[in-house]
Amino acid sequence: MIFLTLIASVLIALVSIYQFRKEAKEYHQDRLERKENSIVGHINYVLQTTTYPLTTENIPLIFKERIHELADIHSMEINFYDLKGNLLISSKAVFKVDSILPKIDPATLRILQGTIEKRYVEFVKIDGQQYRSSYSYVKDNKFKPLAILNLPYEEDTSFYDNEVKSFLMRFGQVYLLMFLIAIILSYFLSSYITKSLQIISDKIRETNFTNKNQKIVLQEGSREINILIDSYNKMVDQLEDSANKLAQSEREQAWREMAKQVAHEIKNPLTPMRLTVQSFERRFDENDPNIKQKLADFSSILIQQIDTMSAVANAFSNFASMPAQQNETLNVVKIVQLALEIFNEDFIEFVHEKDEIIAEIDRTQLIRVITNLVKNAIQAIPEEKADKRVVVVVEQIGNQVKISVTDNGKGISEENKARIFEPKFTTKSSGMGLGLPIIKNIIENYNGTINFESQKGSGTTFIVMFPIINKENN
């Protein structure tokens with residue numbers, strides 16, 4: 001409140017000072033115009049009654065005896081210049097070098113010539129004093145310019161300056177008195193109000209979402225305080241009701257999330273199983289001499305996926321988020337190649353520099369990582385795209401296995417890149433958005449990393465890295 005009063009007072013003072021200065025400016029402007037009109041009228045009378053020919057060269061002769069008389073009558077310094085700005089005659093015998101220039105500045109002369117009224121007032125400041133210098137044309141009977149009339153006018157602002165100082169002094173005294181009164185009133189009012197507010201504040205600090213909250217009972221108080229207490233008591237009732245609903249909602253949400261994750265984990269192996277069955281059915285030939293081996297491979301893949309679903313079911317039945325890790329030493333290149341065999345797309349390319357890269361990792365979870373990344377890559381490519389391409393590369397980088405899955409699909413937008421590994425986040429019309437978070441969890445459990453590089457409209461590359469087994473140390 002005091003701060004607002006201070007701002008209002010400062011604004012009032014500024015507006016008042018501005019008004020004083022505006023009045024002073026208008027006063028000097030009107031005064032100069034009145035004097036100028038009187039002097040011009042007097043000059044016109046002299047020109048009409050003179051016996052000299054009305055030429056620029058005769059101006060000094062015409063006003064030689066009259067210019068001092070004009071200056072005394074009007075209490076103004078009067079100067080006549082020719083049309084090129086050179087001094088012809090002045091009411092002062094000698095010019096002050098620091099106040100009046102003996103020649104009109106060329107810029108001022110150009111401005112005067114360009115004005116419609118053929119009159120220009122120049123503002124200058126000399127030795128801290130403000131001057132107005134009026135320039136106008138003196139014309140003959142045929143309105144032909146003869147000379148330039150210059151009337152220097154000194155603005156005396158001492159009266160208005162004294163008025164401003166007096167106003168500010170009186171205003172400051174009144175403000176100081178009002179300020180002291182406001183402080184005293186504020187002290188008593190705040191003491192009365194804060195007593196009740198302190199009680200309410202203590203109760204609010206004690207309010208807890210998980211505990212039973214006590215209502216406020218206050219016998220005396222202002223209307224505003226009573227409204228605040230009623231609002232708090234209503235809030236306590238609503239808070240207790242919300243806590244009960246939230247507890248119920250959290251339990252339901254937990255079961256829903258559990259059901260979603262179980263469904264996602266079980267559905268994940270079903271897709272490669274379906275693709276494997278379709279591929280086997282399409283390629284089945286009872287006369288093939290290698291039919292027994294192919295049937296064995298087909299059965300092996302199905303058994304692996306069934307084992308995956310079984311592991312998921314067992315894990316969730318024990319309230320675990322992921323199937324337990326069954327680490328085994330295996331050839332990563334072979335497992336990745338085996339995982340890719342379930343896909344029928346002919347645009348999938350598998351690249352590997354070595355035929356054997358040994359690591360210790362769960363076979364089922366590695367297959368899950370590959371199938372999920374490849375499936376996402378396939379889905380990222382628009383159906384209408386002609387040159388579809390998915391490249392899976394397995395290579396050894398130092399003591400790390402690097403698996404990269406690259407597609408030439410739609411890419412990932414900038415706003416989605418930061419959220420790509422968030423649970424339940426997906427840009428697809430179907431799916432629960434749990435695939436990439438689960439993959440990230442699997443890889444990080446093996447001290448690995450998963451990253452991606454993507455360009456909108458060009459494609460995406462997911463890069464998985466995890467440690468290998470160093471044969472020299474075995």
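**Close-up views of cavities and cores**

**View 1. The largest cavity and its lining.** In this predicted model, the largest cavity encloses about 60 Å³ of space, and the structure as a whole holds three cavities of 30 Å³ or more. Its lining is made up of Asn268, Pro269, Pro272, Gln305, Thr308, Thr364, Ile367, Arg368 and Thr371. Three helices, α6 (223–283), α7 (291–317) and α9 (363–380), each supply at least two residues of this lining, and α9 gives the most, with four residues. Sorted by class, the lining of the largest cavity has three nonpolar, five polar and one charged residues.

**View 2. The second largest cavity.** The second largest cavity has a volume of about 40 Å³, and the residues that line it are Asn268, Thr271, Pro272, Phe343, Thr371, Asn372 and Lys375. The elements that contribute two or more residues to this lining are α6 and α9. By class, the lining of the second largest cavity has two nonpolar, four polar and one charged residues. Asn268, Pro272 and Thr371 appear in the lining of the second largest cavity and also in that of the largest cavity.

**View 3. The largest nonpolar core.** This core has 46 residues, and those with the most contacts inside it are Val332, Leu366, Leu373, Val374, Val401, Ile403 and Phe466. Helices and strands both take part, for the elements that give two or more residues to the core are α8 (332–340), β8 (358–362), α9, β9 (390–397), β10 (400–407), α11 (435–445), β11 (449–455) and β12 (459–467). The most is given by α9, with eight residues, and α9 is also the element that gives the most to the lining of the largest cavity.

**View 4. Surroundings of Leu366, and a separate core.** When residues up to four places away in sequence are not counted, Leu366 touches Leu330, Val332, Ile335, Ile361, Ile403 and Phe466. Among these partners, Val332, Ile403 and Phe466 are, like Leu366, listed with the residues that have the most contacts inside the largest nonpolar core. Apart from that core lies another, of 22 residues, among them Ile39, Ile62, Phe63 and Val138.

**View 5. Helix α11 and the residue that follows.** Within α11, the residues Gly435, Leu436, Pro437, Ile438, Ile439, Ile442 and Ile443 are buried, and α11 is among the elements that give two or more residues to the largest nonpolar core. An α-helix has 3.6 residues a turn, so residues three or four places apart point the same way. After α11 comes Asn447, whose phi is positive, near 60 degrees.

Conventions. Residues numbered from 1 in each chain as written. Predicted model: local features only at pLDDT ≥ 70, side-chain atom pairs only at ≥ 80, totals over all residues. Heavy atoms only, no water. 1 Å grid on protein atoms, 1.4 Å probe; cavity = no way out; pocket = protein on both sides within 12 Å on 5 of 7 lines; lining within 4 Å. Points joined across faces, edges and corners; volume = space filled by probe spheres on them. Nonpolar A, V, L, I, M, F, W, Y, C, P; charged D, E, K, R; others polar. Core = buried A, V, L, I, M, F, W, Y, C linked by side-chain atoms within 4.5 Å. Buried < 20%, exposed > 50% of the residue type's maximum accessible area, 1.4 Å probe, protein only. Contact = heavy atoms within 4.5 Å.
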